[in-house]
Amino acid sequence: MRILLALFAGSLFGTGLMLSGMTDTAKVQGFLDILGDWDPTLAFVMGGALLPMALAWRLAEGRKPAAGGSFPAPPSADLDRRLVLGSVLFGTGWALAGLCPGPAMASLSYNSWQGLLFFAAMACGMMAAPWFIRHLDRAAANA
């Protein structure tokens, strides 16, 4: 049952990304180009996603998921080196390629070799991240 719910949720998410234009790299880069030919339409997509999610988090307080397990704990509000570095890397990749992890996965079904190349590079970066984090932590401890 959990696998079917995950398949349904993932399919719904991917469909939403495609219909909203989040998998269109030119549209995303147009949204990020605030000093050029700015396309504000993705702001409505983000707002349309944030409002129902905020409501869902409120309704989920004190409840258990229907498929078992538990909801994740709220994220920490601490602003540290890892969060800033990760945000900068994420934003840089998003701005340069016009894709982030969700849309990159959704676009694998129809994108060309450039999408596959981006996904492979993103996966390599995700696999290398723990090594870089350990390296940065050791360097910070020795400083």
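Q: How much area does the chain expose, and what share of it do carbon and sulfur atoms supply?
A: The chain exposes about 10700 Å². Carbon and sulfur atoms supply 72% of that area. Such areas come from the Shrake-Rupley method with a 1.4 Å probe, and for residues only the protein chains shown count as cover. The model is predicted: local features need pLDDT of at least 70 and side-chain atom pairs pLDDT 80 or more, while totals for chains, interfaces and linings use all residues. Residues are numbered from 1 along each chain as its sequence is written, and side-chain values use heavy atoms, without hydrogens and water.

Q: What makes up the pattern of the chain along the sequence?
A: The pattern reads α-α-α-α-α-α. The chain has six helices and zero strands. Both are DSSP runs numbered from the N terminus (helices: H or I, at least four residues; strands: E, at least two).

Q: Why is threonine 23 called buried or exposed?
A: Its relative accessibility is 7%. Buried means under 20%, exposed over 50%, and partly exposed in between (1.4 Å probe, protein chains only). Threonine 23 therefore counts as buried. Threonine 23 sits in the loop between helix 1 (2-20) and helix 2. Leaving out residues up to four places away in sequence, threonine 23 touches Leu17, Met18, Leu99, Pro103, Ala106, Ser107 and Tyr110. Contact here means heavy atoms within 4.5 Å.

Q: What share of the 143 residues of the chain counts as buried?
A: The share is 15%.

Q: What makes arginine 63 buried or exposed?
A: Arginine 63 has a relative accessible area of 57%, so the residue is exposed. Arginine 63 lies in the loop between helix 3 and helix 4. Glycine 47 is 16 residues from arginine 63 in sequence. In space, C-alpha to C-alpha, the two are 25 Å apart.

Q: Why does leucine 51 count as buried or exposed?
A: At 65% relative accessibility, leucine 51 counts as exposed. Leucine 51 belongs to helix 3. Glycine 68 is 17 residues from leucine 51 in sequence, with 25 Å between their C-alpha atoms.

Q: How do you know which class arginine 134 falls in?
A: Its relative accessible area is 44%, so arginine 134 is partly exposed. Arginine 134 is part of helix 6 (residues 113-142). Methionine 122 is 12 residues from arginine 134 along the chain, and 19 Å separates their C-alpha atoms.

Q: What are helix 2 and helix 4 called, by the angle between them?
A: Their axes cross at roughly 120° and come within 8 Å. Axes are lines fitted to C-alpha atoms, for helices over the stretch in contact, and angles run from 0 to 180 degrees between N-to-C directions. Angles under 35 degrees count as roughly parallel, over 145 as roughly antiparallel, 65 to 115 as roughly perpendicular and the rest as oblique. Helix 2 and helix 4 are therefore oblique to each other. Helix 2 covers residues 25-32 and helix 4 residues 81-97. Thr25, Val28, Gln29, Phe31 and Leu32 in helix 2 meet Trp94, Ala95, Leu96 and Ala97 in helix 4.

Q: What are helix 2 and helix 3 called, by the angle between them?
A: The axes of helix 2 and helix 3 (residues 41-60) cross at roughly 95° and come within 8 Å. The two helices are therefore roughly perpendicular to each other. Lys27, Val28 and Phe31 in helix 2 meet Thr41, Leu42, Ala43 and Met46 in helix 3.
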